[in-house]
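Please open the model in your viewer and keep the sequence panel beside it, so that each selection can be followed in both. The stops below are meant to be taken in order.

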Amino acid sequence: MTGNSGNGGAHSLLIRIKVALVPGPHNRRVEAVEVDTSMSTVSSQPKSEVNDEARVRVWDPLVRLCHWALAAAFFIAYFTEDGPLTLHVWAGYTAGVLVATRIVWGFVGTRHARFTDFLYGPREVWRYLFDLLIFRAKRYLGHSPAGGAMVLALLLGVAATVWSGLELYAVEENAGPLASSSAVPISTPRVTYGFAVFADEDNKESKAKNEEHESNDGGIWEEIHESLANFVLILVIVHIAGVLLASVVHRENLTRSMLTGYKRRE
Ligand code: HEM
Ligand code: HEM
């Protein structure tokens with residue numbers, strides 16, 4: 001019999017009573033009473049957060065929130081490139097903020113959220129991939145070596161896409177945080193005999209320069225932005241295929257774990 005007193009308190013008091021059956025009037029005798037007064041904080045957590053024998057919490061709420069919000073922001077940005085530009089740009093900004101947050105969390109976050117927990121050398125990544133394909137891959141509680149490499153590729157890929165989007169927004173629309181660095185001011189005063197002259201000719205010249213600058217740079221940035229967005233889309237498809245394959249090989253639902261935060265212990 002195991003009793004767990006002090007549920008909800010700061011410390012836990014675990015009393016384990018061993019009972020043995022012996023011949024006698026009551027047919028049983030208490031053999032041993034073990035009292036564990038360790039300062040465990042497990043019992044002070046809400047019941048839903050307790051790591052029980054079967055499952056363990058792996059993904060903290062920030063990891064899960066960043067993941068699903070990033071997935072939504074990426075798809076919204078990807079499929080609104082033809083639609084309202086404001087929605088596209090704000091979905092892109094959101095993706096950028098989420099990636100930045102996740103990168104910081106990769107240095108200061110909980111155990112399995114840290115880069116040091118899931119970044120491995122190329123040999124381990126290839127070995128894991130090979131083992132996965134022959135259904136013999138070792139199971140990892142956090143990201144596997146291949147999963148970890150994909151996480152890094154996705155984070156850097158989205159960051160590069162957002163950055164190229166900012167450049168494109170600046171040259172095409174002269175808007176966004178990088179706008180000022182790329183445009184030639186339209187009304188540049190010309191100083192003639194000590195007077196600042198805003199000539200119409202100058203404005204036309206600056207406008208023409210801007211248009212030329214935009215069509216040159218805009219074309220390049222549009223190509224870069226589009227290629228990066230499509231590259232990340234391919235990564236996402238491979239990512240989802242990898243998640244499904246690893247779920248089958250290890251007989252666990254990894255997508256559900258990314259929703260609940262829990263994984264099977266063994
Ligand atoms: C329906 C689509 C998606 C599903 C089902 C999915 C599922 C998952 C799962 C199960 C994991 C954990 C993998 C593991 O156990 O090692 C994960 C991690 C991750 N996924 Fe996805 N994913 C999806 C879409 C995306 C998209 C669109 C992106 C980014 C553009 C993305 C980026 C990431 C990142 C960065 C991680 C690492 C999480 C972390 O440690 O913060 N995922 N995904
Ligand atoms: C994850 C984030 C993003 C994704 C997946 C994404 C994806 C795309 C795609 C696929 C296109 C179409 C390219 C083409 O066909 O030429 C596009 C266009 C564009 N994107 Fe993004 N983008 C993202 C973030 C951003 C950000 C943060 C900005 C600006 C701040 C931005 C600004 C633009 C602009 C100005 C265009 C051109 C729209 C047009 O000329 O119709 N994007 N984006």
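Begin by selecting phenylalanine 135, which counts as exposed because it has 10 C-beta neighbours inside 10 Å, where 12 or fewer is the limit for that class. Bear in mind, here and at every later stop, that this is a predicted model. Phenylalanine 135 sits in the loop between α4 and α5, and its backbone deserves a look, since phi is positive, about 60°, although the residue is not a glycine. Most residues other than glycine have a negative phi.

Next, show the two helices on either side of that loop, α4 (residues 122–133) and α5 (residues 145–173), whose axes come within 7 Å and cross at roughly 120°. How are α4 and α5 oriented to each other? An angle of roughly 120° is above the 65 to 115 range of roughly perpendicular pairs and not over 145, where roughly antiparallel begins, and α4 and α5 are therefore oblique to each other. To see the contact itself, display the side chains of Glu124, Val125, Tyr128, Leu129 and Leu132 on α4, together with Pro145, Ala146 and Ala149 on α5. Coloured by class, the residues of this contact divide into 7 nonpolar and 1 charged, with no polar residue.

Stay on helix α5 and move to alanine 159. Is alanine 159 buried or partly exposed? It counts as partly exposed, because 18 C-beta neighbours lie inside 10 Å, whereas a buried residue needs 20 or more. Then add glycine 96 to the selection and draw a distance between the two C-alpha atoms: they are separated by 6.0 Å, although alanine 159 and glycine 96 are 63 residues apart along the chain.

Now centre the view on ligand 1, which is surrounded by 21 residues, the closest being Ala71, Phe74, His143, Gly147 and Leu254. The elements that give two or more residues to this shell are α1 (61–79), α5, α7 (200–249) and α8 (254–260), and the largest share, 6 residues, comes from α1. By class, the shell around ligand 1 divides into 15 nonpolar, 5 polar and 1 charged.

Finish at arginine 251, in the loop between α7 and α8. Arginine 251 has a positive phi of about 50° although it is not a glycine, and it counts as exposed because only 8 C-beta neighbours fall inside 10 Å.

Conventions. Residues numbered from 1 in each chain as written. Chains lettered and ligands numbered in written order. Predicted model: local features only at pLDDT ≥ 70, side-chain atom pairs only at ≥ 80, totals over all residues. Axes fitted to C-alpha atoms, helices over the stretch in contact; angles between N-to-C directions. Helix = DSSP H or I, 4+ residues; strand = E, 2+ residues; numbered from the N terminus. Parallel < 35°, antiparallel > 145°, perpendicular 65-115°, else oblique. Contact = placed C-beta atoms within 7 Å. Nonpolar A, V, L, I, M, F, W, Y, C, P; charged D, E, K, R; others polar. Near = placed C-beta within 6 Å.
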